[in-house]
Amino acid sequence: MLVTHSKTPSGVMILAAGLGKRMRSELPKVLHEIGGEPLIFHVLSGVLESAPTAPVCIVVGHGREQVESRVLADPRFAKADLTFVHQPEQKGTGHAARCAMDSQWGSRMTRTQSTVLVLPGDLPLIPASLVQQMFAPLARNEAVRLLTCELTDPTGYGRIVRRGKQGSVLRIVEEKDASAREKLIREVGASIYSFKAAFLKAGLQRLSNKNAQGEYYLTDLIAQAARSGKKTDVLRWSHEEDLRGVNDPWELAQAGRILNQRCVRASALRGVRFIDPSTTWVDLTVEFDEGVVVHPGAILSGSTKIGRGAVIGPRVVLEDVEVGAGANVKAGTIAQSSRIGDGAQVGPYAHLRPESVVGEKAKIGNFVELKKSVIGDRTSVAHLSYLGDATVGKDVNIGCGFVTCNFDGRVIDGQRKHRTVIGDNVFLGSDCQTIAPVRIGDGAYVASGSTITEDVEPEALAIARSRQVNKPGYARKLKGKS
Ligand code: UD1
Ligand code: MG
């Protein structure tokens with residue numbers, strides 16, 4: 001729960017308007033994803049976990065429509081008290097904060113004498129516990145609380161300049177403005193602050209842009225506090241990993257790797273066995289039951305759910321896939337938006353395209369592709385087949401090399417593809433094709449090598465191939481000719 005003094009309401013400001021030049025990408029920086037979600041979602045979820053009712057202002061600019069619509073489309077944020085403020089030109093973090101404080105949201109903060117928690121949109125790894133500690137009320141003589149951290153490599157971050165080595169904070173100096181001596185300082189500001197609203201509002205109006213980047217720096221408010229004799233409370237964070245900023249694609253990859261290891265670890269502690277955590281990728285949104293085994297190189301994303309005791313083989317890629325209890329998804333299998341039943345076996349090297357359903361204890365073997373197809377319980381499609389737009393019943397055996405010919409090259413009433421319906425207990429020999437639309441009734445047999453163009457009634461035997469003719473001695477005759 002939100003740790004706050006009842007008399008000091010708190011608002012949250014997230015800075016997300018920057019150009020993100022160093023990303024060298026059209027996509028706004030805060031929409032780049034790690035763990036299957038945009039950077040800004042990680043920040044926003046962390047904030048709302050600690051303060052679900054706090055008024056949150058997101059400052060947007062570069063790609064603002066994209067950022068706004070992405071946030072508003074997510075149902076998790078539907079109940080949040082969200083306001084978007086536009087920063088028309090990106091003139092620095094101080095200017096972004098000023099846009100927010102000059103808005104109606106800002107007036108509400110000053111009027112209610114709130115504390116304003118400021119966070120950048122590009123710090124996706126901050127834990128909710130950090131947000132909670134930043135929310136603790138400020139003392140009467142404190143204007144701001146600043147979060148700092150000692151980094152092994154402080155390159156690129158604003159350095160904390162103190163009076164003497166451990167004295168009070170005097171100012172923050174940005175990398176580009178720092179002297180060689182200041183660059184040696186390893187304590188940095190993480191761009192996370194709690195400000196008293198009145199101090200923030202007044203301070204932002206006094207900022208100047210006379211610095212190496214010609215920008216209005218939010219960091220300069222710390223020097224203002226020191227000059228006016230107000231205290232800066234410092235929260236020193238000891239886990240530098242939590243404060244990894246994302247400014248370029250390399251940092252995005254690093255943050256992604258850290259988040260992934262957190263997800264894998266959390267699932268491992270809940271009973272999932274990862275053979276090699278360092279090569280396994282698991283989105284935040286993936287759920288596991290106990291007793292699951294995940295082999296090296298698996299990539300599990302989206303709304304994927306893995307049932308109790310299931311085995312996920314090496315290099316399996318699952319996106320929005322539900323895997324039933326005890327199922328075995330073997331090496332190299334790729335599946336999207338599909339369901340695999342309890343005890344089913346899929347792969348190695350099977351491809352389940354969207355809207356495929358594999359029944360309980362069914363078997364989908366190597367080099368089998370399914371698309372929009374339902375495979376009944378205990379049915380076997382063991383080798384080298386394509387089933388598209390098919391419904392296959394229970395206890396069916398489909399031999400090697402079966403193909404549903406579902407497209408005749410025409411589009412009728414918006415429908416391009418035709419369905420194949422195969423009943424229960426059907427036996428299809430190897431190397432058959434069905435020319436859809438077509439139905440094969442329950443219990444029917446289809447001889448190997450048949451091309452089925454017409455419906456087959458239940459319990460019938462269909463043979464659709466030309467009869468074999470053997471000509472005795474004819475081979476010898478041919479050889480004689482050559
Ligand atoms: C900033 C801090 C630096 C700190 C670092 C921590 C300043 C001047 N520097 O540097 O001291 O160590 O974060 O990660 O504050 N933004 C806007 N509008 C703008 C400019 C930026 O909304 O005009 C947003 C960006 O979208 C981003 C955040 O502010 O989410 C921080 O901006 P960024 O350019 O990443 O600042 P850093 O160089 O990382
Ligand atoms: Mg940054």
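## A loop residue, a ligand shell and a helix pair

Let's start with Arg315, which sits in the loop between strand S18 (311-312) and strand S19 (317-319). Keep in mind that this is a predicted model. Arg315 isn't a glycine, yet its phi is positive, at about 55°. Most residues other than glycine have a negative phi. What does Arg315 touch, leaving out residues up to four places away in sequence? The list runs to Pro296, Gly297, Ala298, Gly332, Thr333 and Tyr349. As for Ala178, Arg315 is 137 residues from it in sequence, and their C-alpha atoms are 47 Å apart in space.

Asp395 also shows a positive phi of about 55° without being a glycine. Look for Asp395 in the loop between strand S30 (390-392) and strand S31 (397-398).

Two prolines are worth a look as well. The bond running from Gly347 to Pro348 is a cis peptide, with omega near 5°, and Pro348 is placed in the loop between strand S24 (345-346) and strand S25 (351-352). Further along, Ala436 and Pro437 are joined by a cis peptide bond whose omega is about 0°. Here the loop is the one between strand S37 (433-435) and strand S38 (438-440), and Pro437 lies in it. As a rule, most peptide bonds are trans.

Now for the ligand. Ligand 1 is surrounded by 24 residues, with Leu15, Gln87, Thr93, Glu174 and Gly189 the closest. Sorted by class, that shell around ligand 1 holds eight nonpolar, eleven polar and five charged residues. Three side chains bring a polar atom up to an oxygen atom of ligand 1, and the table gives the distances.

| Side chain | Partner | Distance |
|---|---|---|
| Arg22 | oxygen atom of ligand 1 | 3.2 Å |
| Asp122 | oxygen atom of ligand 1 | 2.9 Å |
| Asn247 | oxygen atom of ligand 1 | 3.0 Å |

On its own, ligand 1 would expose 760 Å², and the protein buries 91% of that. Which elements give two or more residues to the shell around ligand 1? They are strand S1 (10-16), helix H3 (93-101) and strand S10 (187-196). S10 gives the most, with three residues.

Last up is a helix pair. Helix H6 (residues 197-205) packs with helix H7 (residues 220-227) at an angle of about 105°, and their axes are 10 Å apart. Are H6 and H7 roughly parallel or roughly perpendicular to each other? Angles of 65 to 115 degrees count as roughly perpendicular, so H6 and H7 are roughly perpendicular to each other. On the H6 side, the contact is made by Phe199, Leu200, Gly203 and Leu204, and they meet Leu221, Gln224 and Ala225 in H7. The residues of this H6 and H7 contact split into five nonpolar and two polar, with no charged ones.

Note on methods
Residues numbered from 1 in each chain as written. Chains lettered and ligands numbered in written order. Predicted model: local features only at pLDDT ≥ 70, side-chain atom pairs only at ≥ 80, totals over all residues. Heavy atoms only, no water. Near = heavy atom within 4 Å. Polar contact = N/O pair within 3.5 Å; in protein donor to acceptor, adjacent residues only side chain to side chain. Areas by Shrake-Rupley, 256 points an atom, 1.4 Å probe, with all protein chains shown as cover. Helix = DSSP H or I, 4+ residues; strand = E, 2+ residues; numbered from the N terminus. Nonpolar A, V, L, I, M, F, W, Y, C, P; charged D, E, K, R; others polar. Axes fitted to C-alpha atoms, helices over the stretch in contact; angles between N-to-C directions. Parallel < 35°, antiparallel > 145°, perpendicular 65-115°, else oblique. Contact = heavy atoms within 4.5 Å.
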